[in-house]
Amino acid sequence: MTALQSRVTERFAGRTAIVTGAGVGGLGAAYAEALAAGGARVVVADVRGAEAEATAERITAAGGEALAVEVDITDEGGVESMVDAAVGRFGGVDILINNAAVMFRFLDEPRTPFWEVPLAEFELVQRVNVTGSWLCAKAVFPHMKRQGGGKIVNVSSNMALGTDLVWPAQMAAYTTSKAGVIGLTRALAGEAGPHGITVNAVAPGVTNTETVGEHIAADRMEAVAQSQALRRQAWPEDIVGTVLFLCSSDSDFMTGQVLRIDGGFITH
Ligand SMILES: NC(=O)c1ccc[n+]([C@@H]2O[C@H](COP(=O)([O-])OP(=O)(O)OC[C@H]3O[C@@H](n4cnc5c(N)ncnc54)[C@H](O)[C@@H]3O)[C@@H](O)[C@H]2O)c1
């Protein structure tokens with residue numbers, strides 16, 4: 001077998017991944033299941049413990065290895081316990097996907113103008129989406145450094161990119177947090193790079209997950225699709241491949257980058 005063949009067939013064999021917000025029904029669960037299918041041992045982390053268990057059970061039933069952890073990523077002690085559990089069970093941490101987030105008021109219509117968003121809500125969105133991602137990176141860093149490398153993938157949004165000002169409007173807390181994730185990615189990439197750790201981000205567009213399906217009407221989803229160069233709706237499997245690329249050795253010489261995955265969203 002050539003080196004390239006073995007990289008493809010054993011993509012994540014022997015690797016341990018932590019995926020936050022991986023409770024069943026969302027994008028995180030899709031990342032966790034795909035990593036497990038590629039041979040990774042996966043820590044399925046979520047503040048909703050039962051949903052984390054459900055994803056872990058699906059992985060185990062499919063012949064993979066998974067550990068469910070109930071954790072609030074804004075709690076530093078809880079995050080450290082999550083990483084300790086990963087290291088205790090699987091011996092290390094090679095991959096972190098910072099996927100957990102809250103999307104307050106992002107999805108509901110009518111949306112809320114920034115002058116009506118309560119302070120506590122604005123702060124909570126930053127605390128989960130930005131501070132939580134930083135805490136998870138902070139907790140895995142010593143282990144990745146000791147191992148001589150690692151892959152961190154942060155999850156931003158296309159709301160934080162581009163020139164369109166229609167979509168980010170009335171989603172101030174969420175849009176701000178996802179721009180913060182890009183800043184975090186760039187800062188961590190510079191500091192972690194000398195230790196062989198890559199830090200990149202993905203910026204998906206609106207994607208059909210359970211949460212999105214509960215809040216966004218089908219006709220609005222179709223309107224989004226018609227605003228894209230690729231005129232069809234996005235599903236988790238449309239996002240998974242790019243995230244796995246950033247978790248794999250195929251992306252070993254790129255860091256600090258943001259990959260937009262939105263079918264070429266143009267604007268209204
Ligand atoms: N679905 C989309 O349209 C879309 C588009 C762009 C970006 N994203 C991003 O992708 C990620 C996943 O989105 P999704 O649609 O699957 O949403 P989701 O709501 O299904 O998933 C988010 C998960 O994070 C968990 N979570 C929330 N707060 C947490 C906390 N404090 N600690 C631990 N876990 C916590 C939730 O329980 C949930 O399982 C998010 O970062 C989101 O911002 C989603």
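Trainee: Which residues lie nearest the centre of the largest pocket?
Mentor: This is a predicted model, in which local features need pLDDT of at least 70 and side-chain atom pairs count only at pLDDT 80 or more, while totals for chains, interfaces and linings use all residues. Residues are numbered from 1 along each chain as its sequence is written, and side-chain values use heavy atoms, with hydrogens and water left out. On a 1 Å grid over the protein atoms alone, a pocket is an open set of points with protein on both sides within 12 Å along at least five of seven lines, a cavity is a set where a 1.4 Å probe fits but cannot get out, and lining residues have an atom within 4 Å of a point. The lining of the largest pocket has 45 residues, and those nearest its centre are Asn99, Ala101, Val102, Met103 and Thr211.

Trainee: How much space lies in the largest pocket?
Mentor: Grid points are joined across faces, edges and corners, and a volume is the space filled by probe spheres set on the points. For the largest pocket, this space is about 920 Å³.

Trainee: Which element gives the largest share of the lining of the largest pocket?
Mentor: Helices (H or I, at least four residues) and strands (E, at least two) are DSSP runs, numbered from the N terminus. Two or more lining residues of the largest pocket come from each of helix H2 (27–37), strand S2 (41–46), helix H5 (119–147), helix H6 (172–192) and helix H7 (210–215). The largest share, five residues, is that of H7.

Trainee: How many charged residues are in the lining of the largest pocket?
Mentor: Ala, Val, Leu, Ile, Met, Phe, Trp, Tyr, Cys and Pro count as nonpolar, Asp, Glu, Lys and Arg as charged, and the others, Gly among them, as polar. The lining of the largest pocket has 21 nonpolar and 16 polar residues, and its charged residues number eight.

Trainee: What span does helix H4 reach from its first C-alpha to its last?
Mentor: Helix H4 covers residues 76–90, 15 residues in all. The expected span is 1.5 Å times one less than the number of residues, and for H4 that is 21 Å. The reach of H4 in the model is close to this, at 21 Å.

Trainee: Which residue caps the N-terminal end of H4?
Mentor: A polar contact is a pair of N or O atoms within 3.5 Å; within protein, one must be able to donate a hydrogen and the other to accept it, and residues adjacent in sequence count only if both atoms are side-chain atoms. At the N-terminal end of H4, the backbone nitrogen of Gly77 lies 3.2 Å from a side-chain oxygen of the capping residue, Asp75.

Trainee: What covers the buried residues of H4?
Mentor: Buried means under 20% relative accessible area, exposed over 50%, and partly exposed in between (1.4 Å probe, protein chains only). In H4, the buried residues are Gly78, Val79, Met82, Val83, Ala86, Val87 and Phe90. Their cover includes strand S1 (16–20), S2, strand S3 (65–70) and H5.

Trainee: Which residues of H4 does Val43 touch?
Mentor: Val43 is found in strand S2 and counts as buried because its relative accessibility is 0%. Contact means heavy atoms within 4.5 Å. Beyond its neighbours within four places in sequence, Val43 is in contact with residues including Ala17, Ile18, Val19, Leu67 and Val69, and its partners among residues 76–90 are Met82, Ala86 and Phe90.

Trainee: Is Ser133 of helix H5 buried or exposed?
Mentor: Ser133 lies in helix H5, where Ile73, Asn98, Val128 and Leu184 are in contact with it, leaving aside its neighbours within four places in sequence. Because its relative accessible area is 2%, Ser133 is buried.

Trainee: How much space lies in the second largest cavity?
Mentor: The structure holds two cavities of 30 Å³ or more. The second largest is lined by Asn158, Met159, Gly205, Val206, Val224, Gln228, Asp262 and Phe265. Its space is about 40 Å³.

Trainee: With which side chain does the side chain of Asp262 make a polar contact?
Mentor: Asp262 lies in the segment after strand S7 (258–261) and is buried, with a relative accessible area of 9%. A polar atom of its side chain lies 3.1 Å from the backbone nitrogen of Gly264. At 3.0 Å, the side chain of Asp262 makes a polar contact with that of Asn158.
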